[in-house]
Amino acid sequence: MNNVIEPVQAPPAFSRADHAAGMSAYRAAGAALAAAIGNRGPLRLTADGQLHPDIQAAYWRHGYYIFEGVIDPAEVEALRTDAQTMLARAPTGPDATTDAAGRPALGLDYARLPYRFTKPLADPWGGTSQLNGRHPAQMAQPKPDAGAPEHVVFLMYSMCQSMPAGLRLYGHPKLLAAAQSINGTDFVPFNDAIFVKQPGLGGSVAWHQDGVTHWNSPDWDEGIHGFNFQVQIYPTTLGNCLWVIPGSHKLGKADIKAMVAANGGSEQLPGAVPLVCAAGDVTMVNRQMVHGSFANSSPDLRISLTFGFHRRKSVLGQKAALSITDTNATYDEQRIFDRSAVIQVAIDARHQAFPQEPVFRYQPFTGLEDEFRFSPETFDRVIRDYNTKDLAI
Ligand SMILES: O=C(O)CCC(=O)C(=O)O
């Protein structure tokens, strides 16, 4: 599989510093709008384990919420260690098989290679037909500073297989309680991807809406394409964070090309808010929101552990989409069960590591817990190459 994502055009000759300077007024306006909306605070559950109704209402109103301080500093540290190990074990480029230390790269034996590369500060998807063509307008692509590498890691997959702390995170009781409140007790997973935005190098993610399956469905509503969490393991800043257009999840399929054209061709779309977070915060973003991130011309690293959840009925019987379209799979009961089993094993992996913490009860696996305890056997049976069973819509 080709694991480098080439941008559609050569980058123009404006510098990283020009880009950063040209964003400053936009960033200030976004920060003011974010402050006015609020939509952030601790992840509060009710006595019966539901996401607090005020938070649910705020999420459905704006399409996102920022949960503050969900992941404690020790767990953030463990996630950083595992993510940095994964980065250090990446091949030195898209065609390489060894890492920077000359060791065989991680994942050469995985069914799906766990790394995707881009050119520094490039927009690999905007204006292309990749990922069902969902990124119709290309972002500005500044020229990186002298000495930049030819390619940088842009995405890392397989956090439940490659990062022990990543698997434990996937079983987090409060995050799963939130997923259950939004998508129902029979909620199912989507996929996971780690966005790596290296300082002064990280590529952009052009404005898009994630969902590609249900725009014309007779049952379409604002929650039909599910949502993504992003667990931030470094602070996110105005210079490197994800931006969202509040309320856009309610409005159906957006004409992003027309939105950019109406904005004088500028990618700095009005009305967007930056999701600025502390390390340990978790964002929840509706997959129908218009959202994106700019080339990381800032000095700040961002690593965002991104994983999503769906309503079961949104997925059952649907065809594989996005990066797994070419598998031509249909999501039947067995596939949904097999992919959902990762949640149950993650719950037990977490329980073994943090026995004092409440354990999330995942309704589809009630009575099956003993078959899905975390062990070398379930690692091989359930976790190894689990992402070949992702449920992208
Ligand atoms: O974090 C980013 O920069 C992009 C995230 C994104 O587009 C997504 O989660 O769908």
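## The protein as a whole

Of the 393 residues of this protein, 50% count as buried. Keep in mind that what you are looking at is a predicted model. The chain forms twelve helices and twelve strands. Its radius of gyration is 20 Å, close to the 21 Å that the globule rule gives for 393 residues, so the protein is as compact as a globular protein of that length.

Want a feel for its dimensions? The C-alpha trace spans about 60 × 50 × 40 Å along its principal axes. Now look at the contacts with a separation of 6 or more: 84% of them are between residues 24 or more positions apart.

## Around the ligand

Which residues sit around the ligand? They are Phe-195, Val-205, Asp-210, Asn-228, Leu-242, His-291, Ser-293, Ser-304 and Thr-306. Sorted by character, this shell has three nonpolar residues, five polar ones and one charged one. Two strands, β11 (291–293) and β12 (302–310), each supply at least two residues of the shell.

## An open sheet of four strands

Let's follow β11 further. This strand belongs to an open sheet of four strands in the order β6-β11-β8-β9, with antiparallel pairing. At the edges stand β6 (205–208) and β9 (273–274), each with a single partner strand, so one side of each is left without a neighbour in the sheet.

The pairing of β6 with β11 is antiparallel and runs over two bridges. One residue pair to find here is Val-205 with its bridge partner in β11, Ser-293. You have met both before, since Val-205 and Ser-293 are among the residues around the ligand.

## Strand β5 and its partners

Strand β5 covers residues 188–197, and eight of its ten residues are buried. On one hand, β5 pairs with β4 (residues 152–156) in the antiparallel sense over two bridges. On the other, eight bridges join β5 to β12, and these two strands also run antiparallel.

Ile-194 is a handy residue for seeing both pairings. In β5, Ile-194 is the bridge partner of Met-156, and Ile-194 also stands opposite Leu-305 in β12.

## Helix α3: one face in, one face out

Helix α3 takes up residues 53–62, and its buried residues are Ile-55, Tyr-59 and His-62. Look down the axis of α3 and these buried residues fall within an arc of 90°, so they line one face of the helix. The spacing makes sense: an α-helix has 3.6 residues a turn, so residues three or four places apart point the same way.

What do the buried residues of α3 pack against? Their neighbours are α2 (24–37), β2 (64–67) and β10 (282–286). On the other side of α3, Pro-53, Asp-54 and Ala-57 are exposed. Just after the helix comes Gly-63, which takes a positive phi of about 95°.

## Strand β2: buried both ways

In a regular strand the side chains alternate between the two faces of the sheet. You can see this in β2, where Tyr-64 and Ile-66 point one way and Tyr-65 and Phe-67 the other way. Are these four buried or exposed? All of them are buried.

Strand β1 (residues 40–41) runs parallel to β2, and two bridges join them. Here Arg-40 stands opposite Ile-66 in β2.

## Asn-328: a positive phi in a loop

Between α10 (312–315) and α11 (333–353) there is a loop, and Asn-328 lies in it. Phi of Asn-328 is near 55°, a positive value in a residue other than glycine. Is Asn-328 buried or exposed? With 8 other C-beta atoms within 10 Å, Asn-328 is exposed.

## The segment after α12

Helix α12 spans residues 376–383, and Asn-387 has its place in the segment after it. So does Asp-385. Asp-385 is not a glycine, yet its phi is positive, at about 60°. Asp-385 has 14 C-beta neighbours inside 10 Å and counts as partly exposed, while Asn-387 has 22 and counts as buried.

What does Asn-387 touch? Setting aside neighbours within four places in sequence, Asn-387 is in contact with Arg-112, Tyr-157, Ser-158 and Asn-191. For a sense of distance, try Arg-61: Asn-387 and Arg-61 are 326 residues apart in sequence and 32 Å apart in space, C-alpha to C-alpha.

Definitions and conventions. Residues are numbered from 1 along each chain as its sequence is written. This is a predicted model: local features need pLDDT of at least 70, side-chain atom pairs count only at pLDDT 80 or more; totals for chains, interfaces and linings use all residues. A residue is near a molecule or strand if its C-beta atom, placed from the backbone, lies within 6 Å of it. Ala, Val, Leu, Ile, Met, Phe, Trp, Tyr, Cys and Pro count as nonpolar, Asp, Glu, Lys and Arg as charged, and the others, Gly among them, as polar. A residue is buried if 20 or more other C-beta atoms lie within 10 Å of its own, exposed if 12 or fewer, and partly exposed in between; C-beta atoms are placed from the backbone. The arc is that of the directions from the helix axis to the C-beta atoms. Two residues are in contact if their C-beta atoms, placed from the backbone, lie within 7 Å. The radius of gyration is taken over C-alpha atoms; the globule rule is 2.2 Å times the number of residues to the power 0.38. Two strands pair if DSSP finds at least two bridges between them.
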